[in-house]
Each structure stands twice: as C-alpha cells, then as structure tokens.
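Biologist: Hello! Could you walk me through this model step by step, beginning with the ligand?

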Amino acid sequence: MANPVASKIIGTGHYVPPTVVTNDDLAKRFDTSDEWIQQRTGIKERRYSKPEDTTAHMGALAARAAVEDAGLELTDIDCILLGTLSPDVTFPGSSVFVQRELGLHGIACMDIRNQCSAYLYMVATADAYVRAGLFKNVLIIGSEVHSTGIDFSDEGRDVTVLFGDGAAAAVISASDDPKVGVLQSCLHADGAGAELLWIQNPGSREFPHRAPESMYEDKSVYPGMDGRAVFKWATRKLPEVIREALDKSGYELDDIDVLVPHQANMRINQMVAKQLGFPQEKVVHNIQKYGNTTAASVGIALDEARKDGRIKEGSLVCLAAFGSGFTWGASILRF
Ligand code: COA
C-alpha cells in the first residue's frame, strides 16, 4: 500500500493546573510589580502545579482531550512524542509515563528536547513519520512544570515572572488529501546561543560530580537568560523563518488566516507581526493568562483558537516558535 500523501492535525486539547498566580502574588515574594511585568511582557497571571500535576500527568490529561476531540479511541494512537524541558525524572523520558497512564503499553514513545520550539519540531517529526508510513495516528504533547525549578529571589526575577505550567496535545493523522494538513515545516538551530538561555546544572559535564553541591548557592540549577539577546534573536529569526515557510509552501502572507506564535513575550510577537506587515488582530495571544509554558505554549494557543472558532475547517494557519538552543521553526497548516 502507498504511503499517505499528507498528515493532518485532527484533534487538539490542553490542560492547565487550577492554581492561578498573579503578578501581585509574585510581588509578595520578590521585588517586582504588576506594572513592570505587564508593560515588558503582557503577562497578567500564570498557573502553578500542585504535586499531582506532574509534566507527564498534565500531558496525559491534554492527550485524552486531544484524542476525544479527534473522535478517536486511545487505542488508535500508535506513537507518542513529548516535548518538555521539565521532565518528571532525569530518565527515562516523560513520554513513557504518559504512555503508561494512558494504558497504551507497547507503542513507540520519544521525548523531544527542543524547549520553546519543541511543538514545531514535533509537528515536523510526526508529519514525516506519518508520510513515511511508520505510524498512522501520532500524539504530540508539550508539557511543562516550571514552578518547581525557578528562582523566587530578586536575583531570579527576570526569568521567574515569565514562566507558567501547563500542557497541550494534538493528534496528527494520515490523510489522502494533499491540499490539507501540514503543508510545510522549516526548522533551524544555532548552538552559538546555547548559554544565553539555559539551565546548567545538574549536568554530566560537571566533574567529578554532575550535581555539584554549589549548584543552589551559585544558582546554576535555575534558568539563566540574557533577556535582551533572546529578544533580539527572536525578533530577527521569527520573521525570517515565517517568510521561508511561506516561500517554500508557495503561499503569501495575505493567505494566512491565523498566526499562532510561541508565547514568550507579547512584545516579541507584536514586533514580529509589525516587521512582517501582518495584521495584529490575526495573531493569537494568550500569554496574559498563562505566561510562557514553553513546549506547551503553541499547542495551548492553537487549541484555544480552534475551540473559539478563530481557526475553522479550511483555515490556513502559521505556527512559529523561537527558544533555547537556540532553536526555531515555522509550519504552514491547512485545517
Ligand atoms: N521586575 C522588576 N524589575 C525587573 C525584573 C522584574 N521581574 N526583571 C528585571 N528587572 C529590572 C532589571 O534589574 C533592570 O534594572 P536596572 O535598570 O536597575 O538594572 C531593569 O528591570 C531592566 O532590565 P532589562 O533586563 O534590561 O529589561 P528588559 O527591558 O530587557 O526586559 C525581559 C526584560 C526579560 C522582559 C526581556 O528582555 C525579554 O522578554 N526578553 C526575552 C525573554 C524571552 O522571551 N525568554 C524566553 C524565550 S523562549
């Protein structure tokens, strides 16, 4: 039998933990303010997990929602890809814990280590797997628990205000209609920026012990970020990769109905739209509610835009993300 000619997102879902943490809540813990955070980033609040809401458990909840939305049974899924920078444990990857919770013993599982652009890398990987005939219904999941790994002191405030917890999932399935689904993916990375947004420890390159006792004292266990450099890279690379995806797919900017960018900073996404000359009202923003949920952010925004009717059957959608690595990418999809 011939391989499928296309792959399509046929279901989406998300889960965010119920605990809302406002900017004022953070201002009680370290020196910041609602005004500073909103002005610089657009964020008003984010969600924080309780112990039961692990990366894998939230991923499984989002996955169930996506499979139901797709009109499939869990047993139709034959592969799980999971993007996270906050795995439940160091190894194995969190995808096997999701698989176990869903009762899908035996199907393929893989963790994708691409931080904020993981969702784009998962869309491209699932699309390639499906069109190669390897799997029929791939579950992609982005899930993060940031709240247990950030620095709640004045020193960590630049990073800590940005991040929130949550999960998103989608089902990418074989299709015999070449005009729909994932039409184009463009992926890039540049390790030159690896240390500009990272968590250094624990890490196997630390000798003689990978979890040095000093790691809490020197704060190398917390995310380190050169915010200005990240901002500059993101606002340069995102328009570039969106234009590349449009060129390669043969579409024009005017053809795009909705742009779903990674939610790192509302000002980044507004600047990207301005640079492209893309209408601001066609850009999906939900960073106000969730902050940056890294591997989950594009998926949560996509699910919300589908459920509230901004993305309909036939919509041409552009997904785009930039993040740690640095890694970045864009996809063009017809729903
Ligand atoms: N609350 C209050 N003040 C803060 C603060 C906070 N949470 N974080 C930093 N500041 C202070 C700084 O200490 C600095 O004070 P100073 O002028 O007295 O030295 C001042 O605010 C300006 O800091 P700066 O880092 O220059 O701010 P900025 O305008 O670059 O904004 C970011 C900081 C983080 C919002 C911005 O750089 C950014 O969003 N970068 C991209 C980050 C990102 O997207 N990361 C994830 C990518 S996937």
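Biologist: How far is a nitrogen atom of the ligand from an N or O atom in the side chain of Thr32?

Modeller: Happy to help! This is a predicted model, where local features need pLDDT of at least 70 and side-chain atom pairs count only at pLDDT 80 or more, while totals for chains, interfaces and linings use all residues. Residues are numbered from 1 along each chain as its sequence is written, and side-chain values use heavy atoms, with hydrogens and water left out. A polar contact is a pair of N or O atoms within 3.5 Å. For the ligand nitrogen and the side chain of Thr32, the distance is 2.6 Å.

Biologist: And how far is an oxygen atom of the ligand from an N or O atom in the side chain of Arg40?

Modeller: Trp36 offers a side-chain N or O atom at 3.3 Å from a ligand oxygen. For Arg40, the distance to a ligand oxygen is 2.9 Å.

Biologist: How much of the ligand's accessible area does the protein cover?

Modeller: Accessible areas come from the Shrake-Rupley method with a 1.4 Å probe. On its own, the ligand has 970 Å² of such area. The share covered by the protein is 73%.

Biologist: Which helix gives the most to the shell around the ligand?

Modeller: The shell has 22 residues, where near means that a heavy atom of the residue lies within 4 Å of the molecule. Helices (H or I, at least four residues) and strands (E, at least two) are DSSP runs, numbered from the N terminus. At least two shell residues come from each of α2 (34–41), α6 (157–160), α7 (227–249) and β12 (316–323). With four residues, the top contributor is α7.

Biologist: From which domains does the shell draw at least three residues each?

Modeller: Domain bounds come from an automatic or database domain assignment. The shell takes at least three residues from each of two domains, namely domain 1 (6–178) and domain 2 (182–334).

Biologist: Away from the ligand, which residue does a cis peptide bond join to Phe207?

Modeller: Most peptide bonds are trans. The bond from Asn201 to Pro202 is cis, with omega near 0°, and Pro202 lies in the loop between β9 (197–198) and β10 (224–225). For Phe207, omega is about 5° and the partner is Pro208.

Biologist: What is phi of Lys219?

Modeller: Most residues other than glycine have a negative phi. Lys219 lies in the loop between β9 and β10. Its phi is positive, near 70°.

Terms used
A polar contact is a pair of N or O atoms within 3.5 Å; within protein, one must be able to donate a hydrogen and the other to accept it, and residues adjacent in sequence count only if both atoms are side-chain atoms.
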